[in-house]
Amino acid sequence: MADRDSGEPRNSLLPQLRMDELLDELISRVTQIRATRDRVQQLLQGVLAVSGGLELDQVLSTIISTATELVDARYGALGVIDSAGEHLERFITVGLSQQEIDAIGPYPTGMGLLGELIRHPVPLRLHDIAGHEASFGFPDNHPPMRTFLGVPIRVREKVYGNLYLTEKRGGAFFDADDETLLTALAAAAGVAIDNARLYDEAQRRQRRMEATAELTRGLLSGVDSRDLLAVLVERVRDMAGAELVMISLPDPAAERLTVQVAAGTGEKRVLGESAPVAGSEVGDVFTDGVGQGIVDGEWDARPLWKELGLGPAHIAPLGAAGKVRGVLVAAKRFGALPFDAGVVRMLTEVGGQVAVVLELADHRSDADLLALYADRDRIGRDLHDLAIQRLFAAGMTLQSVLKITEKQAVRDRVNRAVSELDDTIKVIRSTIFALSEHGGPDEVPGLRAQVLQVCQDSSAVLGFTPAVRFTGPVDFEVSDGAVEHALAVTREALSNVGRHAHASKAEVDVETADGSLVLRIADNGVGMPADGTRRSGLGNLADRAAALGGEFLVEPAEGGGTVLTWRVPLDD
């Protein structure tokens, strides 16, 4: 049928118009297919990328980097959920520089919108983050973010963590295709993470076995326990990825815990630092035998922790409850997330191994002490049964010579020899008493050791070391109060010799006999002043003797010099 005006057939342009529409639709479909093919290919490349590593940290970083590229996001993060399923224990970011991260502050732990995916592990797409009811804003110095796409990562049917993507490039919104691609990537990521975790656990177990073997070799070879612990904390620091690892042990009264070995940031500064058992985090772990995690860096109210830039930490007991021998502390840098469950488990196991090391070291020390004491007892018996008896017999023989000689010179020499034998017997008996002292290494030193230390310290003032002699069981019979006075008297007397006597020789004689402690200090110096004036220091010595019901004498020594005699009664 033709048009009346033109004579042309009606609807002659219709086929042409329909063909153009079909071509446009076909081109659009082809473009979509190509785009989909490209995105599928990109997804496959992403899956290959996240599946190609075994190191857990590397796998996690690859996953979030691939996810941001896949959906064309500017910022991305992967949050790992803790074993309780309530908070984030790790947080890996993409798109932020280290300066921006430091300016923002500590990593998030799973509050607000990030916690929404923890509580409800299903994909979440938002056009505006601020519009969601769970959002409560960003911290200071945080870059602006509006669009959001979150997808959970599952490992063996358990939610391991979440992928968080924000700010799709070009100002566009995340669409359903982005969600589908990210969900597929998350499924592949779960398999890769599971493999990496198994590999990581195997590596940690291998390193723990190596550390245990090293401890065993050290114990069997007789290496000092402190050297073994120093090597161990270095190993633990490497295995845990910590900034600082230290071991604190209790004092004999179990009232304070003191850092004995440390490795890492500030190791020299923390050595010797102590904390009370009562009212401190380390004290609670020591008392209860249960490990404790510290989230922030201001614990125990110690500014040193903050000065070193340390933050989250974990305190592990050394041993089981009721038999805890100390604590192991591992700390990260300030702002880092807490240790994950695998590291906490490793720290607990290492704490048990350290307890075994300390127990074996104590047993070995006790065995060594028993052997030493047995050897001392044997030497003491030999001295008593052999040396003293022979010296006594020699003295009796010399005394019998006095009956058959009438020469005074011979009698004088024999008497001097007998007197020297008596002095030698006293010295040997004093040595036997010293050998009988079975004090442990942590006990306060006795009078004998402290007098020797005073004499050694005074050598700088005197210019020589005084000769010292002990007679009797001075460490057993002298009370603590008398010991303090005796040490003060010895120190003051030797100081006077060094400042005033101009002596070249001094002797210190400490004796317990006839219910008294007798302290004699003799020198070969210039003696007392001719006018008989007494120095104030000597007055102090007399006052100390009077306070204990004793006496103090100052006499000239035979051949020149001075003899101070300080005598006090012994307690019953």
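**Exercise 1. Describe the overall make-up of the chain: how many helices and strands are there, and what share of the residues counts as buried?**

Solution. The chain contains 15 helices and 16 strands. The model is a predicted one. Of its 572 residues, 40% count as buried. The exposed surface of the chain comes to about 31600 Å², with carbon and sulfur atoms supplying 52% of it. Turning to contacts with a separation of 6 or more, 58% of these involve residues 24 or more positions apart.

**Exercise 2. Identify the residues with the most contacts inside the largest nonpolar core, and state which elements supply at least two residues each.**

Solution. Step one concerns the core itself. The largest nonpolar core has 33 residues, and those with the most contacts inside it are Leu 447, Val 451, Val 508, Val 510, Leu 517 and Trp 566.

Step two assigns the elements. At least two residues of this core come from each of helix H12 (447-462), helix H14 (480-501), helix H15 (536-547), strand E13 (506-513), strand E14 (516-523) and strand E16 (562-569). H14 gives the most, namely 9 residues.

Step three examines one member. Leaving aside residues up to four places away in sequence, Val 508 touches several residues, including Val 451, Cys 455, Leu 494, Leu 519 and Ile 521. Its partners also include Arg 469, Thr 490 and Arg 520.

Step four looks beyond this core. Another core, of 28 residues, lies apart from it; among its members are Ala 67, Val 151, Leu 181 and Leu 185. As background, nonpolar side chains in soluble globular proteins tend to be buried together.

**Exercise 3. Determine how many aromatic pairs the structure holds, and explain why the pair of Phe 91 and Tyr 164 ties together parts apart in sequence.**

Solution. There are 2 aromatic pairs. In one, Phe 91 and Tyr 164 are tilted, at 6.4 Å centre to centre with 35° between the planes. Phe 91 belongs to strand E2 (residues 88-94) and Tyr 164 to strand E5 (residues 158-168), so this pair ties together parts that are 73 residues apart in sequence. Both Phe 91 and Tyr 164 are buried.

Phe 148 and Tyr 164 form another tilted pair, 6.3 Å centre to centre and with 35° between the planes. Here strand E4 (residues 148-155), which holds Phe 148, is linked to strand E5, with the two residues 16 apart.

**Exercise 4. Classify Phe 148 as buried or exposed.**

Solution. The cut-off for buried is under 20% relative accessible area. Phe 148 has 2% relative accessibility and therefore counts as buried. Tyr 164, at 4%, is likewise buried.

Methods:
Residues are numbered from 1 along each chain as its sequence is written. This is a predicted model: local features need pLDDT of at least 70, side-chain atom pairs count only at pLDDT 80 or more; totals for chains, interfaces and linings use all residues. Side-chain values use heavy atoms; hydrogens and water are left out. Helices (H or I, at least four residues) and strands (E, at least two) are DSSP runs, numbered from the N terminus. Buried means under 20% relative accessible area, exposed over 50%, partly exposed in between (1.4 Å probe, protein chains only). Contact means heavy atoms within 4.5 Å. Accessible areas come from the Shrake-Rupley method with a 1.4 Å probe; for residues, only the protein chains shown count as cover. A nonpolar core is a set of buried Ala, Val, Leu, Ile, Met, Phe, Trp, Tyr and Cys residues joined through side-chain atoms within 4.5 Å. Rings of Phe, Tyr and Trp (its six-membered ring) pair if their centres lie within 6.5 Å; planes under 30 degrees apart count as stacked, over 60 as edge-to-face and the rest as tilted.
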